[in-house]
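Please look through the structure below, starting with its enclosed spaces and then turning to its packed interior.

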Amino acid sequence: KCEILVSLQCCGYQVRDGDEFFLIKQRLEEVVSSTTWCMAALLDIGQEELTRDVKSALGGEIDLQRERVFLLLSLMYQPQQIKLVRENFKSGSGDRRVYSLELLDIFIAQDVKGLVFPILEELSLEQRLGYLDVHFPQQHLDPLARLKDIVNCEYTKANRWTKACALHALARSGANGVLDEQVAQLFNPDPLLREVAAWGIEKNDPAAYRRNVEKLSETSKRGLDRVFQTAPDSRPLLIFEKVSLLK
């Protein structure tokens, strides 16, 4: 969906009638809903060192969703005006950010302001969620339940890296036994998620790892065996560890 919207923007597309405006506004609501969920998740997982990677990943998700907000606004309103707003907002200057919101306040509809202003203004997470609660109420979860929620959520809310960070944190959380989320992701076709899930299971219950890995396809099993059937001192890095080092 995002690639299509970018293509429309590159073609200079703008909505031509009320029906098109409604469809783009619907997409804007979906983006703001996903952003609100990410903010609630960020608040729920707390300030523990254990969830540092998850917090960073969720922050990246929120930044990406803000970019999508500007993209959608540029299809709904004059693109040059939205470009000016975006440039001022991303400048990092407090004064220029205030100026960008003042510009938005002039030319976007009141109901659209209620969607986008809470995720653009300088507010605390609690304040943002308070303003958005009327549109997108969020359930409060304890940190462990929220990590599971991130693993299980749709990709429109969290990408594969964010899910991998949550899986990694779950494995280090001290939760008793092997979690259903870990076993489910062991069968994920994505090698990043499959490896992190396998690492968590093998770390906390080697017997459970051996039982479950036998149910995988031969290709998936061979890939994991190359990692987990190697002596610990010569074990190759997981994909997750390689990405972490690059980051």
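Searching the whole structure reveals one cavity of 30 Å³ or more, a cavity being a set of points on a 1 Å grid over the protein atoms alone where a 1.4 Å probe fits but cannot get out, with its volume taken as the space filled by probe spheres set on the points. This is a predicted model, in which local features need pLDDT of at least 70 and side-chain atom pairs count only at pLDDT 80 or more, while totals for chains, interfaces and linings use all residues. Residues are numbered from 1 along each chain as its sequence is written, and side-chain values use heavy atoms, leaving out hydrogens and water.

The largest cavity has a volume of about 30 Å³, and the residues that line it, meaning those with an atom within 4 Å of a point, are Leu170, Ala171, Gly174, Ala175, Gly177, Gln182 and Asn204.

The largest nonpolar core, a set of buried Ala, Val, Leu, Ile, Met, Phe, Trp, Tyr and Cys residues joined through side-chain atoms within 4.5 Å, has 62 residues, and Leu28 is among those with the most contacts inside it. Its largest share, eleven residues, is supplied by helix 3 (residues 52-76), where a helix is a DSSP run of H or I with at least four residues.

Lys113, found in helix 6 (residues 110-120), counts as buried because its relative accessibility is 12%, and buried means under 20% relative accessible area with a 1.4 Å probe, protein chains only. The side chain of Lys113 reaches the backbone oxygen of Asp105 at 2.9 Å.

Terms used. Buried < 20%, exposed > 50% of the residue type's maximum accessible area, 1.4 Å probe, protein only. Helix = DSSP H or I, 4+ residues; strand = E, 2+ residues; numbered from the N terminus. 1 Å grid on protein atoms, 1.4 Å probe; cavity = no way out; pocket = protein on both sides within 12 Å on 5 of 7 lines; lining within 4 Å. Polar contact = N/O pair within 3.5 Å; in protein donor to acceptor, adjacent residues only side chain to side chain.
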